[in-house]
Number of protein chains: 2
Amino acid sequence: MSQKATPDASRRSETARRAILTAALDLVGKVGYAKLTIEGIATAAGVGKQTIYRWWPSKGSILFDAFLSLTTDEQEGVLPDTGDLAADMKLVLRATVDELREPSYDLPMRALHTEIVHDPALAADYAQRLDEPMRELKRDRLRAAQRAGQVAEDVDLDVAIDLLFGPILNRWLQRTGPLTHEYVDQVVDTALRGLKP
Amino acid sequence: MSQKATPDASRRSETARRAILTAALDLVGKVGYAKLTIEGIATAAGVGKQTIYRWWPSKGSILFDAFLSLTTDEQEGVLPDTGDLAADMKLVLRATVDELREPSYDLPMRALHTEIVHDPALAADYAQRLDEPMRELKRDRLRAAQRAGQVAEDVDLDVAIDLLFGPILNRWLQRTGPLTHEYVDQVVDTALRGLKP
DNA sequence: GCGACGAGACGAGACGTTCCGTCTTGACAG
DNA sequence: CTGTCAAGACGGAACGTCTCGTCTCGTCGC
């Protein structure tokens, strides 16, 4: 009764794993998401198709792991805190839009986003392993601002984060307008200052 | 030198057009976006594949037209204006999240969103024909609020709109949290009130 | 008027291609 | 030996193109 032949992770080839992840990231930046194929990844990585299917259930999870291996390398740990909340948030968000304007970041990010939008399981994984750690850093920074009296005590920090990042991510995805530093500054200023006169 | 054989729109069959659009909308709600195929749409609509390929360049543009035919039917023209900006925005956004929670709306919307994310031409079309008309209504409502002294004069209305709608759309797409009326209220209150104490 | 005519969209589906996900093979490493 | 590896054959699904024969039209000679 050979059921599913659960793979033996202890025997897994690290070389093949890395080759697959880098090839996936490389290809999606070159040919775009629509033309990204498993067979293409296998060929580019010099790997058999079965080696991919043995370890990943979907194209999305490959991209996800590829991103995870990237971001965990360059994890900074904290957001800047100069005491000036507006300036700090502008710095972070300007850096974000700069990244999003590079095709080598833009294309893979859009691809990953698409998989997340359509795959709730992957979305949960993303929320837990990529979004939540970043969100915690943002919460920390906003909490410090609360202690400094720059943000009201009764503000929900998750809502505040969504207010700062949501508009930028939305404009990026839907291309409803140019993703400039000026726009970032306006969002930060308006979000922090509020709409009331 | 017969180049491309541009089809003659005056001879176009309205019956076939409507059948294709309704079948597309119907199918994406049933089988989901990943399993939506041109051949499936053609069969469901009782239409030849070539009739689809003659008039639409991509699966995304079919969905787009299908949505356009829906929304132009039920266009209201104005956003509610009771004088209470927060209450009016909550009403609109609560209705939006209610729609997004229905699978018959959720799935097609996600599908269309995905196509927009990956197709700049479609994104431009979307921005012009669906987003911009809605955005104009929102601007009108916010302008009225400015005249009533409820919103600062120097606030960029497009930024204000992004601040109100961006967080909700983002949470919907990425499923980073529950899409409740409570969340909507928090976003509206925080966006309008501002983060400052 | 009217009836043959030509242009072009239509439904149907065959066609070659690409990619899918599975399966088989032989090499090789633990 | 056992299980992963690279390589690639395999059947199936959907792609986009194409070729049929049918069906509407508007045009024009009569």
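The following questions and answers concern a predicted model of two protein chains and two DNA strands.

Q: What pattern of elements does chain A follow along the sequence?
A: Chain A has nine helices and zero strands. Its C-alpha trace spans about 70 × 35 × 25 Å along the principal axes. Read along the sequence, the pattern is α-α-α-α-α-α-α-α-α.

Q: What relation holds between chain B and chain A?
A: Two copies of a chain are related by a rotation about an axis and a shift along it. Here chain B can be laid on chain A with an RMSD of 0.2 Å, by a turn of 179° and a shift of 0.0 Å along the axis. The relation is therefore that of a two-fold axis.

Q: Through which surface do the copies meet?
A: In the contact between the chains, 44 residues of chain B meet 44 residues of chain A. Of the interface residues of chain B, 100% are also interface residues in chain A. The copies therefore meet through the same surface.

Q: What area is buried between chain B and chain A?
A: Carbon and sulfur atoms give 61% of the buried area. The total for the pair of chains is about 4,100 Å².

Q: How many salt bridges are there between chain B and chain A?
A: Side chains of opposite charge can pair when their charged atoms come close. One pair across the interface is Asp162(B) with Arg171(A), at 3.6 Å from N to O, which falls within the 4 Å cut-off. The count between the two chains is four.

Q: Which helix of chain B gives the most to the side that touches chain A?
A: Between chain B and chain A there are eleven residue pairs in polar contact, both residues at pLDDT 80 or more. The elements that give two or more residues to this side of chain B are helix 6 (103-118), helix 7 (120-147), helix 8 (157-174) and helix 9 (181-193). By class, the side has 22 nonpolar, twelve polar and ten charged residues. With eleven residues, the element that gives the most is helix 8.

Q: Why does the salt bridge of Arg94(A) and Asp185(A) tie together parts that are apart in sequence, and by how many residues?
A: The side chains of Arg94(A) and Asp185(A) meet at 2.5 Å, N to O. Arg94(A) lies in helix 5 (residues 85-101) of chain A and Asp185(A) in helix 9 (residues 181-193) of chain A, so the pair ties together parts whose separation in sequence is 91 residues.

Q: How many salt bridges does a search of the whole structure find?
A: The pair Arg94(A) and Asp185(A) is a salt bridge within chain A, and the pair Asp162(B) and Arg171(A) is one between chains. Over all chains, the search finds 42.

Q: Which residues come nearest to DNA strand C?
A: There are 17 residues around DNA strand C. Of the strand's atoms within 4 Å of the protein, sugar and phosphate account for 61%. The residues that come nearest are Lys49(A), Gln50(A), Tyr53(A), Asp8(B) and Trp55(B).

Q: Which residue has a polar side-chain atom 2.5 Å from a base oxygen of DNA strand C?
A: Glu39(A) has a polar backbone atom 3.2 Å from a phosphate oxygen of the strand. Tyr53(A) places a polar side-chain atom 2.7 Å from a phosphate oxygen. The residue with a polar side-chain atom at 2.5 Å from a base oxygen is Lys49(A).

Q: How do the residues of the surface near DNA strand C divide by class?
A: The elements that give two or more residues to this surface are helix 2 (38-45) and helix 3 (49-55) of chain A, together with helix 3 (49-55) of chain B. The division is six nonpolar, six polar and five charged.

Q: Which residue has a polar side-chain atom 2.6 Å from a base nitrogen of DNA strand D?
A: Of the 20 residues around DNA strand D, those that come nearest are Asp8(A), Thr51(A), Lys49(B), Gln50(B) and Tyr53(B). A polar backbone atom of Asp8(A) is 2.3 Å from a phosphate oxygen, and an N or O atom in the side chain of Tyr53(B) is 2.6 Å from a phosphate oxygen. The residue that reaches a base nitrogen is Gln50(B).

Q: Which element gives the most to the surface near DNA strand D?
A: By class, this surface has six nonpolar, six polar and eight charged residues. At least two residues each come from helix 3 of chain A and from helix 2 (38-45) and helix 3 of chain B. With four residues, the element that gives the most is helix 3 of chain A.

Conventions: Residues numbered from 1 in each chain as written. Chains lettered and ligands numbered in written order. Heavy atoms only, no water. Contact = heavy atoms within 4.5 Å. Buried area = accessible area lost by both parts, 1.4 Å probe. Polar contact = N/O pair within 3.5 Å; in protein donor to acceptor, adjacent residues only side chain to side chain. Nonpolar A, V, L, I, M, F, W, Y, C, P; charged D, E, K, R; others polar. Near = heavy atom within 4 Å. Least-squares fit on C-alpha atoms with pLDDT ≥ 70 in both.
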